[in-house]
Amino acid sequence: MPDAARDGDADRLSELGYRQELSRVLSLFDNFSVAFSYLSPMVGIYSLYTLGLGTGGPRYIWTIPVVVGGMMLVALVFGELASEYPLSGALYQYGKYTVSALFGWFIGWIYGFALLATVASVDSGAVAYVAALCNAWFGTHVDPANHFVIFAIAGGIIVLSAILNSVGAKIMGHVARFGVYVETIGTFGVFLALAIAGFHQSLGFVFSSQGVEFAKSNPLGLNFGGNWWTGAALVAILANVYIFYGFESAGDISEETLDAQRQVPRAMRNALFYGGIASFVLVLGLLLATPHGGVGPVVNGGINTILGELPHWLQNFFLVMVVVAFFSCGTAVQGAGARVAFALARDGALPMSRRLREVSPRHHTPVNAILVGTVVPFLFLLLVLVNPSKPVHVLWFDYPANVTALYALVSFATSGIYLAFMLTVAGALIARLRGWKPSGVFTLGPWALPVTAGGGLYLLLMLANIVWPSALSSGRAAFNYGWVTLLVMAAIVAAGALYETVARPGRAVARHRHEG
């Protein structure tokens, strides 16, 4: 089967105008592991649990099925596209073939920046847990809130990930596999440990809001005017919106996956489904283990307020699992981002494309594209150093004081991802209406139009929810900082438009586009 699969993969690659340069060594489980490690329930929940709890109360857990359901529609659309176009760069390739070379290039530009912002957000999120581990083991006094500490530790993680990504796709697969095992222990294991230690809340607790919709009882001091469904819930859901993407990275590494036309769509669905279950179980355990003091101490003190009731050795064990999960996630995202840069450069669509498309003759990895996946996250990390002590008035809006670096980077990354996703699904819908009929191994058949339309509608509504600007005093600003997220995304799009005007990368992509 592996030889037959390789022959079929090589034939399809040739039909689309490319030759096999990367090592095709990843199995279904490897591919799934990369997608799942990027999605990473542990990273998302350990980063944003207090934001979800503080804005939505315990019942924010019920936003998980909403997000997973919406994203499953998207995963089905992406699976069909991945089966038809099993190429590195995933979303870029899908837009290139369904609509036009220029359309695909813009998706690749936005998606690539969003991926590399995600690298910065994930690795900055690891800092608190790395610092806690160092302080526990070595008696140090590392301050995880210090912005220079965040920059130094996150930067070190980025470099280490780059080294592992450079020495071969198989290494990336091994790191991701280990990440899956760690995620399983860190989600289901934490639930069991907390259950054995004894839950403090009844099941009815997870259906309550604990009054977070009212300013006087909101632990973050936010005011939703007493509205949970139309106020608090719309912000709380964003804590889960950040978690449930990354499954599409299975497509980014298609050219390194055996039997990609069959296995990549399956890996996407499996990563999202398993991630949804693991996330729900972990959040349920944390909620039921909430101390009798209520949500306030947990929101202000973090997840360690809950885990602190476990034996000390078990706390340290789970702390190690969390750090490994963050590292595995960051490595997977960086690898995916590098493949997008490689795919764009291979079509001559980036500055210095000739250099960026080079493949290491020894390791068969896109080493220079991985270098891009190292440098750009560092540039995003510089934003953590821009942190005024008082709000600064810029044009018509205020740049907020004391920005939480993690939340800002998460917001930038998520808005870019959702825009790229929405454009990709819109491209699939346009192609359908033009008469496109996919011939890959996996197709949606008669369900194609409703699934594609449903996925597109979900993405549109959630993107608006993410970027909608509001006053800094509003609850929404806890996530998108008023106008900042929208303007950062607009700046990236504007930079892409300027580059297209000057260098015409869309024309370069068109020259390499084979209908296959």
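The exercises below concern a predicted model and come with worked solutions.

**Exercise 1.** Determine how many disulfides the model holds, and account for Cys-134 and Cys-329.

Solution.
1. A disulfide requires two cysteine sulfur atoms within 2.5 Å.
2. For Cys-134, the nearest cysteine sulfur is that of Cys-329, 20 Å away, and Cys-134 is in no disulfide.
3. Cys-329 is likewise in no disulfide, its nearest cysteine sulfur being that of Cys-134.
4. The count is therefore zero disulfides, given the 2.5 Å cut-off.
5. As for surroundings, Cys-134 is partly exposed at a relative accessible area of 26%, while Cys-329 is buried at 2%.

**Exercise 2.** Describe the second largest pocket by volume, lining and residue character.

Solution.
1. The space in this pocket is about 330 Å³.
2. Its lining has 21 residues, and those closest to the centre are Leu-379, Phe-380, Leu-383, Phe-412 and Val-488.
3. Two or more lining residues come from each of α18 (367-381), β2 (397-399), α19 (405-433) and α22 (484-503).
4. By character, the lining splits into 20 nonpolar residues, one polar and no charged.

**Exercise 3.** Work out which residues of helix α23 (residues 505-512) are buried, and where they lie around the axis.

Solution.
1. Pro-505, Gly-506, Ala-508 and Val-509 of α23 are buried.
2. These residues lie on the same side of α23, because they cover an arc of only 160° around the axis.
3. The face turned away from the buried side carries exposed Arg-507 and Arg-511.
4. The packing partners of the buried residues of α23 are α5 (91-98), α6 (101-125) and α22.

Definitions and conventions. Residues are numbered from 1 along each chain as its sequence is written. This is a predicted model: local features need pLDDT of at least 70, side-chain atom pairs count only at pLDDT 80 or more; totals for chains, interfaces and linings use all residues. Side-chain values use heavy atoms; hydrogens and water are left out. On a 1 Å grid over the protein atoms alone, a cavity is a set of points where a 1.4 Å probe fits but cannot get out, and a pocket is an open set with protein on both sides within 12 Å along at least five of seven lines; lining residues have an atom within 4 Å of a point. Grid points are joined across faces, edges and corners, and a volume is the space filled by probe spheres set on the points. Helices (H or I, at least four residues) and strands (E, at least two) are DSSP runs, numbered from the N terminus. Ala, Val, Leu, Ile, Met, Phe, Trp, Tyr, Cys and Pro count as nonpolar, Asp, Glu, Lys and Arg as charged, and the others, Gly among them, as polar. Buried means under 20% relative accessible area, exposed over 50%, partly exposed in between (1.4 Å probe, protein chains only). The arc is that of the directions from the helix axis to the C-beta atoms. Contact means heavy atoms within 4.5 Å.
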